[in-house]
Amino acid sequence: MLGLNKKDTSLMIVVIILTMFAPFILNPFPVDSAMAQFNAGYPDLMQRFVIFGIFAIGFNILFGLTGYLSFGHAAFLGIGSYSVVWMYKLLDYNVIYGLPLAVLTAGIFAVAIGYVSLRRSGIYFSILTLAFAQMSFNLAYSVLTPITNGETGLQVYNNDPQVLLGANEATSPHLFGIVMNNSFKLDVGAWQFTFNNGYYFCALVMLLVFYLSIRIFRSPFGLMLRAVKSNQNRLSYTGLNPRPYTLAAFVISGMYAGLAGGLMASMDPLAGAERMQWTASGEVVLMTILGGTGTLIGPVLGAGFIKYFENIFSKINDTILHQWFSFLPDGLEDAVVFIIHPFIGKGWHLTLGILFMLVVIFLPGGLVEGGQRIGKWIKSRGKSEDSDSGATTEPAE
Amino acid sequence: MSKSTMTRRGVLKTGAVAGAGVALPTIFTASSAAAYTNEPTGGSVTLGFNVPQTGPYADEGADELRAYELAVEHLNGGGDGGMMNTFSSKELQGNGILGKKVEFVTGDTQTKSDAARASAKSMIEKDGAVMITGGSSSGVAIAVQGLCQEAGVIFMAGLTHSNDTTGKDKKANGFRHFFNGYMSGAALAPVLKNLYGTDRNAYHLTADYTWGWTQEESIAAATEALGWNTVNKVRTPLAATDFSSYIAPVLNSGADVLVLNHYGGNMVNSLTNAVQFGLREKIVNGKQFEIVVPLYSRLMAKGAGENVKGIHGSTNWHWSLQDDASKAFVKSFGTKYGFPPSQAAHTVYCQTLLYADACQRAGTFNPCGVAEALEGYEFDGLGNGKTLYRAEDHQCFKDVLVVRGKENPTSEFDLLEVVEVTPAAQVTYAPDHPMFAGGELGSCNPGA
Amino acid sequence: MDALILQILNGLDKGSAYALIALGLTLIFGTLGVVNFAHGAIFMIGAFCAVTLSKILNLSYETIDPNQTDFLGNPLKVKTPYVESWFGPEIGASLIDWAVPLAIIFSIPIMLAVGYIMERGLIKHFYKREHADQILVTFGLAIVLQEIIKYFYGANPIQTPSPDALSGVANVGAVFGMDIVYPVWRIVYFCFAAVIIAAVFSFLQFTTFGMVVRAGMADRETVGLLGIDIDRRFTIMFGIAAAVAGLAGVMYTPINSPNYHMGMDFLVLSFVVVVVGGMGSLPGAVLAGFMLGILESFASMNAIKSLIPGIDQIIIYVVAIIILLTRPRGLMGRKGVMEE
């Protein structure tokens, strides 16, 4: 289907189902139950899942295929965001102007930075990209404030030109009148599900770029990039110059990052300079490795994993813990809360750090490997107990 | 079936209540059902406390969180009532707000605009928070304030000192109790004049971002009005940890006062470095060299230890104040947690009480009603004397404290002593003052 | 002229910290081939060794003084450190005063142990893994270590002053007939760094153990074939690298009050230093550390800042880019190390 082989088609279908039904899947607990704390099906977090998914998919095209580890991809994220917000300021709130510009500007910067950085390989390349991104961040935070609005972040003011702004036009980001912030809520019994315009817009964009990345992975171009990873010297000896290929991969992944940054500003019309800091670059590296480098779906899983912890675990506090464990006798309740306390709320970093270590120690292939192992385990169990039942799910790659 | 008394509505209700088996969906869009964003419908109201829990300001955030929990306890009728007893408005009954029990959710701003907005959004979208408050830096405060304006909830700013929060970036849904850079300058100038005279050469070291710039501008203007000469204004990178290369040029610059427009970790390091270089023992132009830290924070001053002794600055509030309100607050906070509250804790406690009181007086949680109740509101009994929430820019006008690092502290909390309480009139400025110009308050947004 | 000399001194001082951390990082790269993102955290743990010692020395018992009151109006509890009551007020006070230098002795075994445990318990399982996995696991470790410190010590900086005798300023220009004052402790720090660097180099250069390690860095397999247990020596080198970073942290505490995330602040910079110096080259790391320190100090001079605004924000990265583009493997890098 659409130029995909059978396995990729089923993967694509699984991803389509997952993203389209995410509002249901991510809200498994009733609103008033104690477990509602773990619900992730609210617009902002769902948007973040797919946006960082796009960022990680793009990063994986460079890192997963060519093995070039960029430590400066956050710069493109920031550039994308600034482009979109500037379009809001100059034209109007329709995202249709900003998003293509975000991809384009990120692409131009990627050509320049990539051209220079790709002259070196290995850690020398990593440090070059890091240097460019940190320069962008430091300047955006201070000297370039007239363009970036520095610490506060670039935002739209009432006295901005906004030349195309119509009289009845929405005053928040929208696509031809479909306002990103608007949601549609569905109450089913004790459950509530939120369907948000912005989320579905991002999700459609993600499906598109995910499809694109499958095609890149399976194309002769993708094969060439893998050749760069496995042995660059041998590739050179065959008379091929790997540089144009790696540069193309760098630019494509930079454009993905620009798109992700643009979408961030499309959901929330503010572009902060921290988006370009090395910690943000590091985050996408961690997402990719955590999910499974070089796999199609891994980076998206990694992105979801990190964003889930950042947004859900940081919001659990002692009061909530006491509610959960109120069924226990008093002394025991306090003891349990005392033990869990360091890992939640302000301790969410600690939990994340421990999980990084556990995943990388026990699942060398990242979360995807975990999925594969579970898949195999189910398969082998299914076979031993009932050899006829073949109704097991295909493990995602 | 024609005689059935069952209405369609009744069926829906029973269906929703029973919930079991066949669930009947009721469908509505967010905008049509409620009069304003997150209108509380049950017996409780949810507030969102958005403070830094990780990163360099985590301790300040933790102190804010303690004050919030105390405020919620007092609002719900627990504890000794703290400043509710001294507050000039007697609307709050200790039965929650408008009879609804106060509940809260917490989040981590990480002192990053993006993370702070994500956290605030989850409070609004997921937890149904009707008010967001907190924060420990101006960039975050402005970013979250903008978000609350768009989403249609009230934002009660925490610790934010930049002029922009209620200046260029002011918003109709945002309110600030904390003082600002201009007020620091106006309060400090007369004290500096008495101490150091009118013939001084000041050298500014400024953190290179918006808050630093507004404070530098404010302090330089205030001291130049005294007749001081500004020798140089040097911007230092936010990420700088060692300030030696910025301090060294001060030695031979001819300046005899060093103004450190730094906060938090930057302040601790630049002050420590300045003292290391022997600036405090230096005599320039026949005068003793002096250092000024315009914005003091006791929590951070602790990190600089001995180095703060005798150094002047300004602060929003200090636990050693002897008015009834401050004493009541210190007593209930100290009894609960075992140490005195910081200025960050005080300002967020006040903000929570002020918000609750405004809801009570307005008779609604509707942001427009609350904003109207807060605008132009005059109150007393929250530790800062008579205070006005000005309608034009949503900034509180109250006395500002000028403090000095204490020479002989009696305990680890006893680091600062109040030198002077500058009356509110002296730090008041016109709403269209040039340092605050450029923004528009806009109109209140109830969301929905 | 005075200003220039001052900035060179500042640069040497900043460079000392960079060089010490980068030296440790390079030892780990060069010997074990591991990208250690937890190295900044080791520096931080070193600093907190000093904090801990000063806390231990300040452990006090409380006596109630009825004449003074605390913030709640209750009688004030006056704290007296145990050391003062054991050794008498004078010796006790000077022990507390000299906490940071004392922490050097106290921290060496701790840091060696930290390094040894890290290597045996975690890093050794990652020799054969990809660099990406090494980054993820050591980054996770760095987060865990700093969160543990934060749990016990809080997020605010903690002041740990230098001994009174070493805290003033000295006129270092007097020798040349100039008037240049500079903080004594910073001079101590620089000298200390120089001694440590010299010690590490002579250890590698003049001992048999060092010779074997150097051989192992050049060609691990051949050394292994000679029947030498190179792994054990590399483990010890990891411990030494941790000790170097830890000592850098201990001595750094009086310059800037330590906090739990100081390691992360140094991490990125020290990686830049290592790479600019050239992967696997110890002299390169030291040279790059001092060079970047001095250039950073120059860039923050007002004359240069007014010429190019914001240059002090980016100077390190500009220099890194220029050097890496003109010298492919940094200043003194070896071919084939971490180029894959």
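**Exercise 1. Compare residues 267-295 and 187-213 of chain C in this predicted model: what are their helix content and end-to-end distance?**

Solution.
Step 1. Begin with residues 267-295 of chain C: the span is 86% helix and 0% strand. Its end C-alpha atoms are 19 Å apart.
Step 2. Turn to residues 187-213 of chain C, where the chain is 96% helix and 0% strand. Here the end C-alpha atoms are 32 Å apart.
Step 3. Now add the annotation. Both spans appear under "transmembrane region" in an unreviewed UniProt entry, which also lists residues 16-35, 42-61, 95-114, 234-255 and 307-325 of chain C.

**Exercise 2. Work out how the span of helix 1 of chain C relates to its expected value, and what follows the helix.**

Solution.
Step 1. Helix 1 of chain C runs over residues 2-32, which is 31 residues.
Step 2. At 1.5 Å a residue, 45 Å is expected. The model gives 44 Å from the first C-alpha to the last, close to that value.
Step 3. Check the surroundings: 26 of the 31 residues of helix 1 of chain C are buried, so by the cut-off of 20 or more other C-beta atoms within 10 Å the helix is mostly covered.
Step 4. Look just past the end of the helix, where G33(C) takes a positive phi of about 70°.

**Exercise 3. Do the same for two annotated spans of chain A: how far apart are the ends of residues 12-29 and of residues 244-264?**

Solution.
Step 1. An unreviewed UniProt entry lists several spans of chain A as "transmembrane region", including residues 12-29 and 244-264.
Step 2. For residues 12-29 of chain A, the end C-alpha atoms lie 27 Å apart, and the span is 72% helix and 0% strand.
Step 3. For residues 244-264 of chain A, the distance is 30 Å, with 100% helix and 0% strand.

**Exercise 4. Describe the two contacts that chain A makes, one with chain C and one with chain B: which elements and residue classes supply each side?**

Solution.
Step 1. Take chain C against chain A. The contact uses 30 residues from chain C and 34 residues from chain A.
Step 2. On the chain C side, helix 6 (131-153), helix 11 (262-277) and helix 14 (311-326) each give at least two residues. Helix 6 of chain C has the largest share, with eleven residues.
Step 3. Sorted by class, that side of chain C holds 22 nonpolar, three polar and five charged residues.
Step 4. Now take chain A against chain B, with 36 residues from chain A and 42 residues from chain B.
Step 5. On the chain A side, the elements that give two or more residues are helix 3 (43-66), helix 6 (122-141) and strand 4 (183-188). Strand 4 of chain A makes the largest contribution, six residues.
Step 6. This side of chain A divides into nine nonpolar, 17 polar and ten charged residues.

**Exercise 5. Place strand 9 of chain B among its neighbours: is the strand buried or exposed, and which strands pair with it?**

Solution.
Step 1. Strand 9 of chain B covers residues 257-261, and five of its five residues are buried.
Step 2. Split the side chains by direction: V257(B), V259(B) and N261(B) point one way, and L258(B) and L260(B) the other.
Step 3. Strand 7 (residues 201-207) of chain B pairs with strand 9 in the parallel sense over five bridges. There, H204(B) stands opposite V259(B).
Step 4. Strand 12 (residues 290-295) of chain B also pairs with strand 9 in the parallel sense, over three bridges. In that strand, I291(B) is the bridge partner of L258(B).

**Exercise 6. Work out the strand order of the open sheet that holds strand 15 of chain B, and find its edges.**

Solution.
Step 1. The sheet has three strands in the order 14-15-16 of chain B, with antiparallel pairing.
Step 2. Strand 14 (377-379) and strand 16 (396-397) of chain B each pair on one side only and are the edges.
Step 3. Strand 14 pairs with strand 15 (residues 387-389) of chain B over three bridges, and F379(B) has T387(B) as its bridge partner.

**Exercise 7. Describe how the two domains of chain B meet: how many residues of each are in contact?**

Solution.
Step 1. Domain 1 of chain B comprises 44-179 + 325-393, and domain 2 comprises 182-315. Their C-alpha centres lie 30 Å apart.
Step 2. The contact joins 14 residues of domain 1 of chain B to 15 residues of domain 2 of chain B.
Step 3. On the domain 1 side, helix 3 (58-75) and helix 5 (138-151) of chain B each supply at least two residues, and helix 3 has the largest share, three residues.
Step 4. By class, this side of domain 1 of chain B has three nonpolar, seven polar and four charged residues.

Definitions and conventions. Residues numbered from 1 in each chain as written. Chains lettered and ligands numbered in written order. Predicted model: local features only at pLDDT ≥ 70, side-chain atom pairs only at ≥ 80, totals over all residues. Contact = placed C-beta atoms within 7 Å. Helix = DSSP H or I, 4+ residues; strand = E, 2+ residues; numbered from the N terminus. Nonpolar A, V, L, I, M, F, W, Y, C, P; charged D, E, K, R; others polar. Pairing = 2+ DSSP bridges. Buried ≥ 20, exposed ≤ 12 C-beta atoms within 10 Å, placed from the backbone. Expected span 1.5 Å × (residues − 1). UniProt positions renumbered as here; feature names shortened; annotations may be inferred. Domains from an automatic or database assignment.
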